[in-house]
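Open the model in your viewer and keep the sequence panel beside it. The tour goes from one selection to the next and says what is there each time.

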Amino acid sequence: MLRFLAATTLAVTMMSFTTGVGQATSLPEQDAAQIRAALKGMDDAWNRHDMQAFVSYMADDAEWVNVVRMRWKGKEQVYRAHQAFHQTIFKNRQLHEPESTELRPVAPDCVVAMIVQAADGFTTPSGHVEPPGRGVLTVVFINRNGTWLVVQGHNTTVVEEAQRSNPVK
């Protein structure tokens, strides 16, 4: 089910940046700060259940895929879907401080952010109570006219048992 729809995320520490095998690059601090501020703003909006503010960090052509593969195209669909869930199953769900955040420039004016974060549980439409859990949010930012905007988001539930079997820890 929807274990972690954390579109969201952080006041965090930047980590190292890479763009391919062995190639290090850097992201200007002012750009990293703007991206971190956007992620923090998205987190704050999520926790206030203010989905209009949540999507204000997105480009008009943004797309989102949630943990159960629902796909929304365009800022308006992303808004409508999150608004519906925050009026129902997520109305009491809060995100917690991110455990980690990575910002990785992949091309000029394009950065991939990956955030690991815990969230409260929730009750599914069928009445099943999902416990608190952790998730990974991957967000692609592009710089449009000096403003970093989300163009793609995807969140994934962390399954702790599966992590113990990861062959490339």
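The stops below begin with the whole chain and then go to helices, strands, rings and charged pairs.

**Whole chain**

Show the chain as a cartoon, and bear in mind that this is a predicted model. The chain has four helices and eight strands. Follow the chain from the N terminus and the elements come in the order α-α-β-β-α-β-β-β-β-β-β-α.

Now show the surface. The chain exposes about 8,700 Å², and carbon and sulfur atoms supply 51% of that area. Of the 169 residues in the chain, 44% are buried. Among contacts with a separation of 6 or more, 61% are between residues 24 or more positions apart.

**Helix 1**

Select residues 29-48, which are helix 1. How far apart are its end C-alpha atoms? They are 28 Å apart, and this agrees with the expected span, because 20 residues at 1.5 Å a residue should span 28 Å.

Colour the buried residues of helix 1; among them are Asp 31, Ala 32, Ile 35, Leu 39, Met 42 and Trp 46. An α-helix has 3.6 residues a turn, so residues three or four places apart point the same way. Then go to His 49, which follows helix 1 and has a positive phi, near 60°.

**Strand 1 and its two partners**

Select strand 1, residues 58-65, and add strand 2, residues 71-73. Strand 1 and strand 2 run antiparallel and are joined by three bridges. Glu 63 stands opposite Lys 73 in strand 2. The hairpin of these strands has five residues between them, and Arg 69 in that hairpin takes a positive phi near 70°.

Next add strand 8, residues 147-157. Does strand 8 pair with strand 1 in the parallel or the antiparallel sense? The sense is parallel, over four bridges. Val 65 stands opposite His 154 in strand 8.

**Strands 3 and 4**

Select residues 95-107 for strand 3 and residues 110-119 for strand 4. These strands pair in the antiparallel sense over nine bridges. To see one facing pair, pick Leu 103, which stands opposite Ala 113 in strand 4. The hairpin has two residues between the strands, and Asp 109 takes a positive phi near 65° there.

**Aromatic rings**

Show the side chains of Phe, Tyr and Trp. The structure holds six aromatic pairs. Start with Phe 54 and Trp 64: their ring centres are 5.9 Å apart and their planes are at 65°, so the pair is edge-to-face. Phe 54 is in helix 2 (residues 51-55) and Trp 64 is in strand 1, 10 residues apart. Both Phe 54 and Trp 64 are buried.

Move to Trp 72 and Phe 85. Here the ring centres are 6.3 Å apart and the planes are at 50°, so this pair is tilted. Trp 72 lies in strand 2 and Phe 85 in helix 3 (residues 75-86), so the pair ties together parts that are 13 residues apart in sequence. Trp 72 and Phe 85 are both buried.

Now select Trp 46, Phe 54, Trp 64, Trp 72, Phe 85, Phe 90 and Phe 122 together; ring pairs link them into a cluster.

**Salt bridges**

Side chains of opposite charge can pair when their charged atoms come close. The structure holds eight salt bridges.

Select Lys 75 and Asp 60, which form a salt bridge with their closest N and O atoms 3.7 Å apart. Lys 75 lies in helix 3 and Asp 60 in strand 1, so the pair ties together parts that are 15 residues apart in sequence. Are these two residues buried or exposed? Lys 75 is partly exposed, with a relative accessible area of 23%, while Asp 60 is exposed, with 62%.

Select Arg 71 and Glu 63 next. Their closest N and O atoms are 2.7 Å apart in a salt bridge. Arg 71 counts as partly exposed, at 41% relative accessibility.

Finish with Glu 160 and Arg 134, which meet in a salt bridge at 2.5 Å, N to O. Glu 160 lies in helix 4 (residues 160-163) and Arg 134 in strand 7 (residues 133-144), so parts that are 26 residues apart in sequence are tied together. Glu 160 is partly exposed, with a relative accessible area of 36%, and Arg 134 is partly exposed at 26%. Add Glu 99 to the selection: salt bridges that share partners join Glu 99, Arg 134 and Glu 160 into one network.

Conventions
Residues numbered from 1 in each chain as written. Predicted model: local features only at pLDDT ≥ 70, side-chain atom pairs only at ≥ 80, totals over all residues. Heavy atoms only, no water. Buried < 20%, exposed > 50% of the residue type's maximum accessible area, 1.4 Å probe, protein only. Contact = heavy atoms within 4.5 Å. Areas by Shrake-Rupley, 256 points an atom, 1.4 Å probe, with all protein chains shown as cover. Phe/Tyr/Trp six-rings, centres within 6.5 Å; stacked < 30°, edge-to-face > 60°. Salt bridge = Lys/Arg side-chain N within 4 Å of Asp/Glu carboxyl O. Pairing = 2+ DSSP bridges. Expected span 1.5 Å × (residues − 1).
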